Every structure is written in C-alpha cells, then in structure tokens.
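Student: I'd like some practice reading a fold from its coordinates. Can we go through one together, feature by feature?

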Amino acid sequence: DDLAQKAAAEAAEKARQQELAKQRAIEMQNLKEQQAMREKMAAKNMLTDEDINFDFDKYNLLPLAQQVLQRKADWLWNNPDVSVLIEGHCDERGTNEYNLALGDRRAESAKTYLMNLGIAGSRLTTISYGEEKPVDSDHNEAAWAKNRRAHFVIE
C-alpha cells in the first residue's frame, strides 16, 4: 500500500513538473514573440521617425542620409507589402515656386537612391511641400537645417 501511494505521489509530482516545464516554454515563446514585435515596431518607427537632411539649396544626399536610406531600404526589403510616401521639405528662404521645385528634387533624390538599392519604384511616391510644413518654425539656421529634409510616411 505504501509503495502504491509512493508511486502515485511520484507520478503526480512528475506530471506537475511536466506541466511547469510546459508553462515555462509557453512563457518563453510569448516573451520571444513580444520582443520580435517590439523590434519590428522600432524598425517601422525608424522608417517614419528618421528624416534625412540636406544642405542649404541642395538636393544631393549626404553620407549620413545615405546610411539612413540604407536602413530604410533594408526594412522595406523585409516588408514588401509596404508603400512609402517621400515628402520633400525646404526652409522658408526662397520663393514658394523655387522651394516646391527643390522639395520635389529632394524627394526624388531619396526615391532614386532607394530604387538603386532594389526597392521597386511602384512602392515609392513623392510629394513636395516646399516650405509649407516646417518641423521647426523658428527663423534661424538651426531651425532651417531641420526643415531641409525628406520625411517618410507609410501609405
């Protein structure tokens, strides 16, 4: 009778340990999935939160802008169902017409670079806002430098 009770207790303990191990495995899988989701969101936020900037009266891509575009291309490559609107922006100096044209060239410059990295042009749309949507409304060089940018929006 003692042997039967001991065997039953050992079986119950073994079953309890197996259930605990199963629960730990499920928790670990959930943690991994949550971490992957956080990393995916961080990469998506990088696409939309990280602008590229330009020198005064220029639309050529600076080395830092090229690095940022490389990261954006990597993300786009891994998310082939996503399309992006590239907005070209300028500082307040210059005429509206000139700034709209310059903003267009800035957006197109970013689009061309992404296409050269293998992103399909059909996934990339451009628009110029010229000086109409400043990120910083101050009237100084620091603000103007922030406003000379291309901004990226997931469509």
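Tutor: Sure. Keep in mind that this is a predicted model. Let's begin with helix against sheet: helix α1 (residues 2-49) lies across β2 and β4, and it runs at about 135 degrees to β4.

Student: What is the order of the four strands in the open sheet?

Tutor: The order is β1-β4-β2-β3, and the pairing is mixed. Look at the ends of that order: β1 (52-53) and β3 (124-130) are the edge strands with a single partner each, so one side of each has no neighbour in the sheet.

Student: In which sense do β2 and β4 pair?

Tutor: Antiparallel, with six bridges linking β2 (residues 84-89) to β4 (residues 149-154). For a register mark, find Leu85, which sits opposite Val153 of β4.

Student: And how do I read the core?

Tutor: Here's the general idea: nonpolar side chains in soluble globular proteins tend to be buried together. In this model the largest nonpolar core has 21 residues, and Ile52, Leu76, Val84, Ile86, Leu114 and Phe152 have the most contacts inside it. At least two core residues come from each of α1, α2, β2, α3 (96-116) and β4, with α2 giving the largest share, six residues.

Student: What does Phe152 touch?

Tutor: Leaving aside residues up to four places away in sequence, its contacts include Leu47, Ile52, Leu69, Val84, Ile86, Ala110 and Leu114.

Student: Which backbone angle should I check at Asp57?

Tutor: Phi: it is positive, about 65 degrees, although Asp57 isn't a glycine. Asp57 is in the loop between β1 and α2 (63-78). With 36% relative accessibility, Asp57 counts as partly exposed.

Note on methods: Residues numbered from 1 in each chain as written. Predicted model: local features only at pLDDT ≥ 70, side-chain atom pairs only at ≥ 80, totals over all residues. Heavy atoms only, no water. Pairing = 2+ DSSP bridges. Contact = heavy atoms within 4.5 Å. Axes fitted to C-alpha atoms, helices over the stretch in contact; angles between N-to-C directions. Buried < 20%, exposed > 50% of the residue type's maximum accessible area, 1.4 Å probe, protein only. Core = buried A, V, L, I, M, F, W, Y, C linked by side-chain atoms within 4.5 Å.
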